[in-house]
Amino acid sequence: MGKFTVKETNTGYVFNLKADNGQVIAVSQVYSSEDACKNGIESVRKNAVDAKLEDQTLENYETATNPKFEVYTDKAGEYRFRLKARNGEIIATGEGYKAKASCLNGIDSIRRNAPEATVE
C-alpha cells in the first residue's frame with residue numbers, strides 16, 4: 001500500500017504520494033495550510049480512480065472531461081502527467097519519463113495506491 005507524506009515548506013504545505021517501494025509517483029501544488037493540503041489528498045483519492053485519460057501526445061487527441069489524467073510531453077521531450085479534479089484544478093503531477101509506457105505505469109500506480117494510502 002502506498003502512502004501520502006505531508007511536509008511543510010517555506011511557502012506552505014505539499015504532499016507526495018509514494019508507492020510501496022518508496023518511489024514518489026505524484027506531487028502536489030503548494031497549499032497555504034496543512035488542512036488544505038489534506039483536502040488535496042482527499043481530492044486525489046476521489047478523483048484518481050475514475051479519472052479518464054487524455055493523451056495529448058497524440059495528433060488530434062480526444063478531449064476528456066474532468067476528472068482526468070493529462071499525458072503530455074515537456075520542453076525536454078519527456079512524458080509527464082497531471083491529474084485534474086472535477087473543477088479543472090491540477091491536484092497532482094508526475095515526474096518526467098523517457099518512455100510513454102513508464103508514464104502510463106505511473107498513472108496506474110496512482111490509481112492503485114491513492115485510494116487506500118495512509119497519510120504521514
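**Exercise 1. Is Phe69 buried or exposed, and what does its ring pair with?**

Solution. Note that this is a predicted model.

Step 1. Take the accessibility. Phe69 has 0% relative accessibility. The cut-off for buried is under 20%, so Phe69 counts as buried.

Step 2. Look at the rings. The count of aromatic pairs comes to three. Phe15 and Tyr31 make a stacked pair, with 6.3 Å centre to centre and 20° between the planes. Phe69 and Phe81 form an edge-to-face pair, with centres 6.0 Å apart and planes at 75°.

Step 3. Place the Phe69 pair in the chain. Phe69 is in strand E5 (residues 68–73) and Phe81 is in strand E6 (residues 79–84), so the pair ties together parts twelve residues apart in sequence.

Step 4. Check the partner. Phe81 is buried as well, because its relative accessible area is 0%.

**Exercise 2. Locate Phe15 and Tyr31, and name the aromatic cluster they belong to.**

Solution. Step 1. Recall the geometry: the Phe15–Tyr31 pair is stacked. Phe15 lies in strand E2 (residues 13–18). Tyr31 lies in the loop between strand E3 (24–27) and helix H1 (34–50). The two are 16 residues apart, and the pair links distant parts of the chain.

Step 2. Check burial. Both Phe15 and Tyr31 are buried.

Step 3. Add the third member. Phe4 joins Phe15 and Tyr31 in one aromatic cluster.

**Exercise 3. Describe the largest nonpolar core.**

Solution. Step 1. Start from the general trend. Nonpolar side chains tend to be buried together in soluble globular proteins.

Step 2. Size the core. The largest nonpolar core holds 27 residues. Those with the most contacts inside it are Phe4, Phe15, Leu17, Val44, Phe69, Leu83 and Ile110.

Step 3. Trace the elements. Two or more residues each come from strand E1 (3–8), E2, E3, H1, E5, E6, strand E7 (90–93) and H2. H1 gives the most, with four residues.

Step 4. Zoom in on Leu17. Beyond four places in sequence, Leu17 touches Lys3, Phe4, Gln23, Val24, Ile25, Ala26, Ile110, Ala114 and Ala117.

**Exercise 4. Where does Ala117 sit, and which residues does Ala117 touch?**

Solution. Step 1. Find the element. Ala117 is in the loop between helix H2 (100–113) and strand E8 (118–119).

Step 2. Check burial. Ala117 has a relative accessible area of 3%, so Ala117 is buried.

Step 3. List the contacts. Setting aside residues up to four places away in sequence, Ala117 touches Met1, Gly2, Lys3, Phe4, Leu17 and Arg45.

Step 4. Take one of these further. Arg45 is 72 residues from Ala117 along the chain, yet their C-alpha atoms are separated by 8.4 Å.

**Exercise 5. Assess Asn16, a polar residue in strand E2.**

Solution. Step 1. Apply the burial cut-off. Asn16 shows 14% relative accessible area, so Asn16 is buried.

Step 2. Read the contacts. Outside its neighbours within four places in sequence, Asn16 is in contact with Lys3, Phe4, Thr5, Val24, Ala26 and Val27.

**Exercise 6. How many disulfides are there?**

Solution. Step 1. Recall the chemistry. A disulfide is a covalent bond between the sulfur atoms of two cysteines.

Step 2. Apply the cut-off. The sulfur atoms must lie within 2.5 Å. The count comes to zero disulfides.

Step 3. Check the burial of two cysteines. Cys37 is buried, with 0% relative accessible area. Cys103 counts as buried too, at 0%.

**Exercise 7. Which charged end sits over the ring of Tyr72?**

Solution. The charged end of Arg82 does, 4.0 Å from the ring centre.

How values were computed. Residues numbered from 1 in each chain as written. Predicted model: local features only at pLDDT ≥ 70, side-chain atom pairs only at ≥ 80, totals over all residues. Heavy atoms only, no water. Buried < 20%, exposed > 50% of the residue type's maximum accessible area, 1.4 Å probe, protein only. Contact = heavy atoms within 4.5 Å. Phe/Tyr/Trp six-rings, centres within 6.5 Å; stacked < 30°, edge-to-face > 60°. Lys NZ or Arg CZ within 6 Å of the ring centre and 35° of its normal. Core = buried A, V, L, I, M, F, W, Y, C linked by side-chain atoms within 4.5 Å.
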